[in-house]
Amino acid sequence: MKKYLVMFLFCALGLLAIAQKKITDKHIIYQQERMVFKQWDRDKFTPKPGFLGLNPEYWITWALHPNYPKTDLRPLGPVGPQTQRLMFAAAMQNTDNLYKLHSDTLRNTALSEASNYSSALSFADPLWLMYYRNEFEGLLNQADSDLLTGLSAAEKGYLISSGLLNWYIDESHALLERLEIARSTTIDRGSRIMAYHRMLGEYRKLMASWEIKKSKAKTFLSIRSSTEKLRKGNPVDVSGGKTDIQIADDILKKSKL
């Protein structure tokens with residue numbers, strides 16, 4: 001029985017091996033080639049009509065689908081769905097790139113405008129760092145207690161009593177306040193630089209006027225001392241042999257300097 005059972009199994013396996021045969025139907029192969037990668041070749045639509053169109057297999061196969069051979073159904077054909085999806089994907093990618101370029105341009109423009117207007121970056125302005133900060137250094141670091149350094153006690157007393165010191169302090173503080181406002185206000189860089197330029201001109205005029213007043217304080221005190229002595233009847237020979245008109249002219253010239 002064992003021998004018969006083994007022989008039966010071998011026979012069954014042999015039959016199964018013989019039954020598995022590769023199918024090479026050319027009609028199926030043509031259809032696979034058409035739908036996957038090859039040209040939609042109407043000459044390879046089989047079965048053929050035959051002589052005078054009398055082939056019954058042709059009519060059985062294509063009678064119900066007369067337009068099928070004429071319509072290219074390849075997914076990757078010229079107008080296939082996959083080709084259209086690839087074209088749409090490429091178009092969308094191009095659109096995305098354009099949107100990205102536009103958004104990047106807007107971002108760069110916004111950053112440029114923000115840096116141009118923002119007062120937070122005014123301290124890092126190259127023109128301020130290289131030029132205006134040095135020109136305004138005396139105003140920015142001004143100490144009111146050192147304004148009369150190097151002058152005599154009489155000159156200091158004159159500048160204080162005459163109000164010239166308070167005048168200069170008020171003017172310099174007002175100019176410094178305007179300078180700080182220009183640095184901290186949100187305006188465009190061009191307007192900020194023009195404000196620096198105008199205030200620098202005012203600061204130079206103020207400094208020149210203050211230096212003149214300090215330099216002329218000694219001359220004014222000398223003239224006032226001579227005048228007081230003359231009023232007290234203590235004539236002092238300051239003429240050097242000059243007439244009264246010449247003395248008056250010299251005094252006027254000195255007062256104008």
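E202 is partly exposed, with a relative accessible area of 35%. This residue opens the first exercise. The model is predicted.

**Exercise 1. A bridge between two helices**

Task: Find which side chain meets E202 in a salt bridge, and work out which parts of the chain the pair ties together.

Solution.
- Step 1. Look for the partner. The side chain of R178 meets that of E202, at 2.6 Å from N to O.
- Step 2. Check the distance. A salt bridge needs the nitrogen within 4 Å of the carboxyl oxygen, so 2.6 Å qualifies.
- Step 3. Place both residues. R178 is in helix 8, and E202 is in helix 9. The two residues are 24 apart in sequence, so their bridge ties together separate parts of the chain.
- Step 4. Classify R178. Its relative accessibility is 39%, so R178 counts as partly exposed. E202, at 35%, is partly exposed as well.

**Exercise 2. Bridges inside one helix**

Task: State how many salt bridges the structure holds, then examine D104 with K100 and E211 with K214.

Solution.
- Step 1. Take the total. There are 5 salt bridges in the structure.
- Step 2. Take D104 and K100. Their side chains meet at 3.1 Å, N to O. Both belong to helix 4, which covers residues 81-117. They are 4 residues apart, so about one helical turn separates them.
- Step 3. Classify D104. With 22% relative accessibility, D104 is partly exposed.
- Step 4. Take E211 and K214. This bridge spans 3.6 Å, N to O. Both residues lie in helix 9, 3 residues apart, or about one turn.
- Step 5. Compare the burial of the two ends. E211 is partly exposed at 38% relative accessibility. K214 is buried, with a relative accessible area of 16%.

**Exercise 3. A buried lysine**

Task: Explain why K214 counts as buried, and list what it touches beyond its sequence neighbours.

Solution.
- Step 1. Locate K214. It sits in helix 9, residues 189-231.
- Step 2. Apply the cut-off. Buried means under 20% relative accessible area. K214 has 16%, so it is buried.
- Step 3. List the contacts. Leaving out residues up to four places away in sequence, K214 touches L147, L151 and L159.
- Step 4. Look at K213. The charged end of K213 sits over the ring of W167, 5.5 Å from the ring's centre.

**Exercise 4. Buried or exposed?**

Task: Decide whether S172 is buried or exposed, and do so for M130 too.

Solution.
- Step 1. Start with S172. It is in helix 8, residues 164-184. Its relative accessible area is 0%, so S172 is buried.
- Step 2. Find what S172 contacts. Not counting neighbours within four places in sequence, these are L139, Q142 and L206.
- Step 3. Turn to M130. It belongs to helix 5, residues 126-135. Exposed means over 50%. M130 has 63% relative accessibility, so it is exposed.
- Step 4. See what M130 is part of. Together with L127, L129 and Y131, M130 forms a nonpolar surface patch. The four have about 360 Å² of accessible area together.

**Exercise 5. Aromatic rings**

Task: Count the aromatic pairs in the whole structure, and describe two pairs that involve F136.

Solution.
- Step 1. Count. The search finds 10 aromatic pairs.
- Step 2. Describe W128 with F136. The centres are 6.4 Å apart, with 20° between the planes. Stacked pairs have planes under 30 degrees apart, so this pair is stacked.
- Step 3. Describe Y132 with F136. Here the centres are 6.5 Å apart and the planes differ by 25°. This pair is also stacked.
- Step 4. Check burial. W128 and F136 are both buried. Y132 is buried too.
- Step 5. Widen the view. W128, Y131, Y132, F136, Y196 and Y203 make up one aromatic cluster.

**Exercise 6. The whole chain**

Task: Summarise the secondary structure, burial and contacts of the chain.

Solution.
- Step 1. Count the elements. The chain has 10 helices and 0 strands. Its pattern reads α-α-α-α-α-α-α-α-α-α.
- Step 2. Note the burial. Of the 257 residues, 19% are buried.
- Step 3. Note the contacts. Among contacts with a separation of 6 or more, 62% join residues 24 or more positions apart.
- Step 4. Note the surface. The chain exposes about 19400 Å², and carbon and sulfur atoms supply 62% of that area.

Methods: Residues numbered from 1 in each chain as written. Predicted model: local features only at pLDDT ≥ 70, side-chain atom pairs only at ≥ 80, totals over all residues. Heavy atoms only, no water. Patch = residues over 30% accessible without salt bridge, like charges linked within 9 Å, V, L, I, M, F, W, Y side chains within 5 Å. Areas by Shrake-Rupley, 256 points an atom, 1.4 Å probe, with all protein chains shown as cover. Buried < 20%, exposed > 50% of the residue type's maximum accessible area, 1.4 Å probe, protein only. Contact = heavy atoms within 4.5 Å. Phe/Tyr/Trp six-rings, centres within 6.5 Å; stacked < 30°, edge-to-face > 60°. Lys NZ or Arg CZ within 6 Å of the ring centre and 35° of its normal.
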